[in-house]
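Thank you all for making the time this morning. I would like to walk through one model with you, slowly, and I will put it up on the screen now.

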Amino acid sequence: MYEYRSIKTKISNDVKAGVWYTAGNFVSRGIAFLSTPVFTRLLSKEDYGEFSNFTAWATLIVVITSLDMYASINRAYQDYEDDFDTYMSTISWVSITFSALCYLTVWILRDWAVNVFGMNFLYINMLFIYLLFSPASQLFLTWQRIRGKYKYAIFVSVGSALLSLILSYVMVMTFQDKLWGRVLGYVLPIVMINAVIYGFLIFRGRAFAIEKVKYAMMIAVPLIPHHLSASILAKSDQFMIKKFCGNVDLAVYSFAYDCSLAVSILGTSVNQAYIPWLYRKLRENDFSEINTQARRLLVLFLALILGVMLIGPEVVYIMGGGKYAASVYMLPIIMTGYCFRFLYTYYANLELYCKKSVVISAATIIAAGINVGLNLLWIPKYGYDAAAVSTTIGFAVLYVLHYFGVRRTPYRNLYHHKKLLLIVLAFIICSLLVIWLYDKTTLRRCAIAFYIFVAGNAAYKFLHDTCKLF
């Protein structure tokens with residue numbers, strides 16, 4: 001009886017932490033998603049495109065400036081659990097120091113930086129100030145997540161998102177230069193909140209251990225090419241659209257991705273909550289449960305994506321109005337890319353658990369190279385729409401490469417690969433049908449009604465079964 005209660009308590013805690021992390025991350029990043037209708041109307045297309053360029057660079061190079069230290073936390077917690085405060089303090093100092101060195105280099109090579117980033121040096125300064133502080137929240141949230149302490153993580157992530165939204169709105173409405181107001185409102189909350197987080201992590205550990213630097217470097221640095229290539233895979237299209245097509249087309253394309261942001265947020269949030277549970281189940285050799293839950297998660301995720309696709313025209317109209325109507329046909333293509341992106345994390349998580357950092361990086365570099373090559377070939381010829389197709393192909397290639405990567409580990413037969421692939425193929429067929437339905441309003445509305453009926457019944461059963469665990 002005691003053993004049964006213990007297992008039930010573990011499951012309950014896992015479910016609670018997973019649900020709260022997913023909900024918290026979804027809400028915090030969902031705030032940015034819900035702010036899109038505000039800023040698409042306050043900013044011109046040129047300014048919206050320029051701000052998209054700013055955030056794309058921030059996403060891309062934070063991997064380098066932070067040395068990707070957060071990537072070592074999940075594994076380090078297994079090896080340094082008794083001295084983890086020192087570990088967190090150490091990697092905080094490493095991240096701060098290297099980010100500052102990168103900022104200094106940009107100051108020395110300012111003319112080169114202006115040409116590379118394609119923006120005024122004032123915005124480059126703001127970019128590197130953001131990069132200096134932004135890793136702190138990633139370190140803190142990963143640390144809290146792995147300990148199951150979801151309350152502080154939710155407070156920080158949601159509070160930061162709300163503060164950013166409020167300051168951005170006030171500054172855009174106040175400043176004559178609305179782009180400057182948008183950038184300042186985006187950066188200042190990160191600086192204020194993350195300075196406090198860095199102080200907390202460093203003061204709590206009060207130490208700097210060289211051996212922990214070496215440990216973190218051995219895990220995190222080999223993953224830099226992987227995460228950098230993943231960012232290139234996700235963001236290179238925006239840089240090339242800016243170069244070949246200009247800020248107006250970049251605004252339309254970026255808007256389509258912003259409309260799909262909820263899907264990206266959900267996939268990332270679910271995976272972040274899934275990793276600690278997965279690693280615990282691997283240690284317990286509970287392979288059957290992993291396979292079952294992985295399949296259920298994939299079906300649930302793809303079903304939610306399909307629902308968003310069906311209401312694509314309404315989403316585009318609400319989020320941006322008529323001036324962004326051309327974005328609607330890109331939504332199913334972009335979301336199909338997110339399908340492969342979500343699926344490949346199943347395999348990448350296993351490779352990371354096996355410390356196959358080099359294999360992970362090699363796969364992502366190859367996929368990013370294919371994506372960049374297709375963008376160079378297609379964007380000048382077919383325009384910005386082609387970038388969505390090339391990115392989706394890149395994520396599909398990444399899934400295939402990680403699948404073969406896992407085949408070289410002890411967990412090669414952990415998942416029912418054919419069943420997962422059949423689920424994805426069924427989703428792709430549904431995506432093509434949705435595109436066909438966009439011009440047939442009555443049929444699409446019937447499809448939406450049928451989807452609501454099926455999803456409502458499934459959600460009721462899921463909530464009913466989940467509540468039994470609490």
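Let me begin with a question: which residue forms a salt bridge with Asp83? The partner is Lys212, and in this model, which is a predicted one, the closest N and O atoms of the two residues are 3.1 Å apart. What I would like you to notice is where the two partners sit, for Asp83 lies in the loop between α4 (73-79) and α5 (84-108), while Lys212 belongs to helix α11 (residues 210-220), so that the pair, 129 residues apart, links distant parts of the chain. The two ends also differ in their cover, since Asp83 is partly exposed, with a relative accessible area of 33%, whereas Lys212 is buried, with a relative accessible area of 5%.

In total the structure holds 7 salt bridges, and I will show you two more of them. Glu284 is paired with Arg280, and there the closest N and O atoms are 2.7 Å apart. Glu284 counts as partly exposed, at 38% relative accessibility, and its partner Arg280 is buried, with a relative accessible area of 14%. The other example is the salt bridge in which the side chains of Asp286 and Lys281 meet, at 3.1 Å from N to O. Here Asp286 counts as partly exposed because its relative accessibility is 25%, which lies between the limits of 20% and 50% for that class, and Lys281, at 9%, counts as buried. Coming back to our opening pair, I should add that salt bridges sharing partners join Asp83, Glu211 and Lys212 into one network.

Let us turn now to the empty spaces. The structure holds 3 cavities of 30 Å³ or more, and I will take the second largest cavity, which has a volume of about 50 Å³. Its lining is made up of Glu50, Phe51, Asn53, Phe54, Met119, Tyr123, Leu179 and Val183. If you colour the helices, you will find that α3 (45-65) and α10 (178-205) each supply at least two residues of this lining, and that the largest share, 4 residues, comes from α3. Sorted by class, the lining of this cavity has 6 nonpolar residues, 1 polar and 1 charged.

What about the second largest pocket, and how much space lies in it? The answer is about 160 Å³, and the residues that line this pocket are Pro332, Ile333, Thr336, Phe340, Val389, Thr392, Ile428, Ser431, Leu432 and Ile435. The elements giving two or more residues to this lining are α17 (331-353), α19 (385-406) and α20 (417-437). By class, the pocket lining has 7 nonpolar and 3 polar residues, and no charged ones.

From there we can move to the surface, where Val38, Leu162, Ile166, Tyr169, Val170 and Met173 make a nonpolar patch of about 510 Å². Helix α9 (residues 150-174) gives the most to this patch, with 5 residues. One of the patch residues, Met173, has its place in helix α9, and Met173 is partly exposed, with a relative accessible area of 45%.

Before I finish, I would like to show you two places where the backbone deserves a second look. As background, most residues other than glycine have a negative phi. Leu67, however, has a phi near 55°, which is a positive value in a residue other than glycine, and Arg206 is another such case, with a phi near 50°. Are these two residues buried or exposed? Leu67, which is found in the loop between α3 and α4, is buried, with a relative accessible area of 11%. Arg206, placed in the loop between α10 and α11, counts as exposed, at 62% relative accessibility.

The last item concerns Tyr77, which has its place in helix α4 and counts as buried, at 17% relative accessibility. Tyr77 and Tyr87 are 10 residues apart in sequence, and their C-alpha atoms are 9.0 Å apart in space. That is where I will stop, and I am glad to go back to any of these views if you would like to see them again.

Definitions and conventions
Residues numbered from 1 in each chain as written. Predicted model: local features only at pLDDT ≥ 70, side-chain atom pairs only at ≥ 80, totals over all residues. Heavy atoms only, no water. Patch = residues over 30% accessible without salt bridge, like charges linked within 9 Å, V, L, I, M, F, W, Y side chains within 5 Å. Areas by Shrake-Rupley, 256 points an atom, 1.4 Å probe, with all protein chains shown as cover. Salt bridge = Lys/Arg side-chain N within 4 Å of Asp/Glu carboxyl O. Buried < 20%, exposed > 50% of the residue type's maximum accessible area, 1.4 Å probe, protein only. 1 Å grid on protein atoms, 1.4 Å probe; cavity = no way out; pocket = protein on both sides within 12 Å on 5 of 7 lines; lining within 4 Å. Points joined across faces, edges and corners; volume = space filled by probe spheres on them. Nonpolar A, V, L, I, M, F, W, Y, C, P; charged D, E, K, R; others polar.
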